[in-house]
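Ready for a few exercises? Have a look at what is shown below, try each task yourself, and then read the solution.

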2 protein chains.
Amino acid sequence: MPTIRDVARRAGVAPITVSRVVNSSGYVSPETRRRVEEAIEALGYVPNSVARSLRSKQTRTIALVLTDMTNPFWTLVARGAEDAASQGNFNLILCNTDESEEKQARYLNVLLEKQVDGILLVPARSRPEPVRLLQQQGVEVVVLDRRVPEVQVDTVRCDSVAAARDLTRHLLGLGHRRIAILSGPPDVSTAADRVTGYRQALEEAGVPVDERLVLFGGFNQGAGFQMMRTVLSTSPRPTAVLAANNFIAIGAFRALREAGLAVPVDISLAAFDDLPATLVLEPFLTVVAQPAYSMGRQAAARLLSRLGGEAGPPQEILLPAEIIVRRSTAPPG
Amino acid sequence: MPTIRDVARRAGVAPITVSRVVNSSGYVSPETRRRVEEAIEALGYVPNSVARSLRSKQTRTIALVLTDMTNPFWTLVARGAEDAASQGNFNLILCNTDESEEKQARYLNVLLEKQVDGILLVPARSRPEPVRLLQQQGVEVVVLDRRVPEVQVDTVRCDSVAAARDLTRHLLGLGHRRIAILSGPPDVSTAADRVTGYRQALEEAGVPVDERLVLFGGFNQGAGFQMMRTVLSTSPRPTAVLAANNFIAIGAFRALREAGLAVPVDISLAAFDDLPATLVLEPFLTVVAQPAYSMGRQAAARLLSRLGGEAGPPQEILLPAEIIVRRSTAPPG
DNA sequence: AAAAAATATGGTAACGTTACCATATTCAGC
DNA sequence: GCTGAATATGGTAACGTTACCATATTTTTT
């Protein structure tokens, strides 16, 4: 592979001049530029960004560390981030932690070694250490979707407490009084916040919370299935269920069907996270839709502007979530 | 940030010795190793892989260039690739071309500059040039999902011709004779192959092909909608429709519903690409399911083994697709 | 006990680029 | 015609690591 030196030799200039042509930086006469461009063309020269990065101390690469890109919510977040990155001439490295702190730690370490300029982090757990570590190493961080306590960091997320409150109010408004909530890991802020919002709405309505109806598990279908089964064994069983994400909802739905219960006739089901209209033939679930694409896009944009030198204190950008009432919720039978 | 030199100084050894400890290469006495590890710990040393890459000429990074990660089929492919990469201690850069050759060219160029070790490519178009360019530049390439003519390259894909034949046979077996096919861009191999398989099945059954029922468009919902509308205006209208991917199917379904036609009562609908069970409450579409995750995983594995030095002629790995009959197909009314 | 192999460590240079500084030439303003 | 700014180009070194080679010591083999 030809190097900048080969191009320089062929064009009869110094390597630095070639660099100037390639990067459109500094002064180069039109005539020299032409000769250099000719040489580049003739040799098929491709600049080596590894060398460039070593010297300039920036890689024009950011990473998105999330839990599971397979979840359409995260897919959209990722796509938003990739679009923003690409637009700013950055590349995006994608990492799936599957909610495991250990996997997260491994990835973060590799990303530090890779000298990525910045990291979009969906923290596997609500602990400040990983974020601190990154900041300490001089990497810009934007936290996505979840809160991290005790640390100053840009954050882009939705207000899960408010959203859960709205969704619970919707169920209360339909006349439900026994409402179960199936949530994620208790030490993930969104899982906790959604339960908080749920409690607030119940309290507000003067409905006592039955702790047997408040379950923490995981943000996946299996957990949703299990939690639903557990809840169904309480008596009297709830007339409505709130799933803290789309996978939990699907798992819960399966458990309900297996138990011979129809939605919404026998029981109402509402969830967090909508599915894109491109995927669903006939949308059925009542949901709180978070602007996933926009979250990814804005988080990446924020990161890039930090990398562009924007100063100022860390901000928390709260995006609005929207409740979409569909056919899975109805007044209790 | 401390460098290898700082660690060396602190441990009282040469930088190269630190390198040996970090990479577990060459000989290091237990005692020296301990001292070096202590120094690394004390300084919080993080190796710089940019420098490492420049020297060793490998970045331990591969890229996946696909059309749109937002399509669950590609999401799964990507997840498979990421898992395989991660397992082999590689990172994955993700790029969305949206089927645009120009975007693809831009990405490939950046990836070359980034010195990625290998590229998993879902070619936007069936042209050999981009693949040749990459190979010429010394980058390993594995082509995913689509055929590229006139070039020797590892390929992982399904047999679209056979799969389309099977799906068409299924419809023929139900008694359909007027079957439409809504496909993707004509110069994308899968779009072409699916039409080819469709033709073969019809021919085999002695059913003449009505060219008005063979449509090429795009692999997206909008195109599916449009094509379906066009097809519905032919008379007599088809009794079954074959969509060349899941997005086309959704678009077609919308058009059908808008036209007041019920599936499968008024018209049967079958498609390529299944949706993961985690996403769909009640699977409805008859589909040919391609092993998306496995495709991504195997393609990445192949790439890594090439990077590991495996020689031998380029292979074409054909994965089996599976027909899943559900409720969207039935005998013509 | 000598020779060969394994273990342990280090010096030097190079990977390909750009930051930094220096110098020469041209141009504008008065 | 002189001065200062703008334009144009280059030399040197450095980014942080590892490849390559050299050397010294210890262990094994015969």
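Before we start, one term: two residues are in contact, or touch, if their C-beta atoms, placed from the backbone, lie within 7 Å. This is a predicted model, where local features need pLDDT of at least 70, side-chain atom pairs count only at pLDDT 80 or more, and totals for chains, interfaces and linings use all residues. Residues are numbered from 1 along each chain as its sequence is written, with chains lettered from A and ligands numbered from 1 in the order in which they are written.

**Exercise 1. The core**

Task: find which residues Ile119(A) touches, leaving out those up to four places away in sequence.

Solution: Start with Ile62(A), Ala63(A) and Val65(A), which are among its contacts. Then add Leu111(A), Leu134(A), Val139(A) and Val141(A). Next, zoom out to the largest nonpolar core, which has 90 residues. Such a core is a set of buried Ala, Val, Leu, Ile, Met, Phe, Trp, Tyr and Cys residues joined through C-beta atoms within 7 Å. Buried means that 20 or more other C-beta atoms lie within 10 Å of a residue's own (exposed: 12 or fewer; partly exposed: in between; C-beta atoms placed from the backbone). Val65, Ile119 and Leu120, in chain A and in chain B, touch the most other members of this core.

**Exercise 2. Where the chains meet**

Task: work out which helix of chain B gives the largest share of the side that touches chain A.

Solution: First, the count: 39 residues of chain B are in contact with 39 residues of chain A. Second, the elements: α4 (49-56), α5 (72-87), β2 (91-96), α6 (101-113) and α11 (246-258) of chain B each supply at least two residues. Helices (H or I, at least four residues) and strands (E, at least two) are DSSP runs, numbered from the N terminus. Third, the winner: α5(B) supplies six residues, the largest share.

**Exercise 3. One helix, one face**

Task: say how the buried residues of α1(A) are arranged around its axis.

Solution: Pick them out first: Ile4(A), Val7(A) and Ala11(A) are buried in this helix. Looking down the axis of α1(A), they fall within an arc of 60 degrees, so they line one face of the helix. The arc is that of the directions from the helix axis to the C-beta atoms. Their cover includes α2 and α3 (30-43) of chain A. Just after α1(A) comes Gly12(A), with a positive phi of about 70 degrees.

**Exercise 4. Arg157(B) and its neighbour**

Task: decide whether Arg157(B) is buried or exposed.

Solution: Locate Arg157(B) in strand β5 (residues 154-158) of chain B. It has 22 C-beta neighbours inside 10 Å, so Arg157(B) is buried. Leaving out residues up to four places away in sequence, it touches Leu144(B), Asp145(B), Arg146(B), Arg147(B) and Leu318(B). Now follow Asp145(B), in the loop between β4 (140-144) and β5 of chain B. Asp145(B) is not a glycine, yet its phi is positive, about 75 degrees. Asp145(B) is buried too, with 27 other C-beta atoms within 10 Å.

**Exercise 5. Two cis bonds**

Task: find where the prolines of two cis peptide bonds lie.

Solution: In chain A, the bond from Ser235(A) to Pro236(A) is cis, with omega near 0 degrees. Pro236(A) sits in the loop between α10 (221-232) and β8 (240-243). In chain B, the bond from Val263(B) to Pro264(B) is cis, with omega near 5 degrees. Pro264(B) belongs to the loop between α11 and β9 (268-272).
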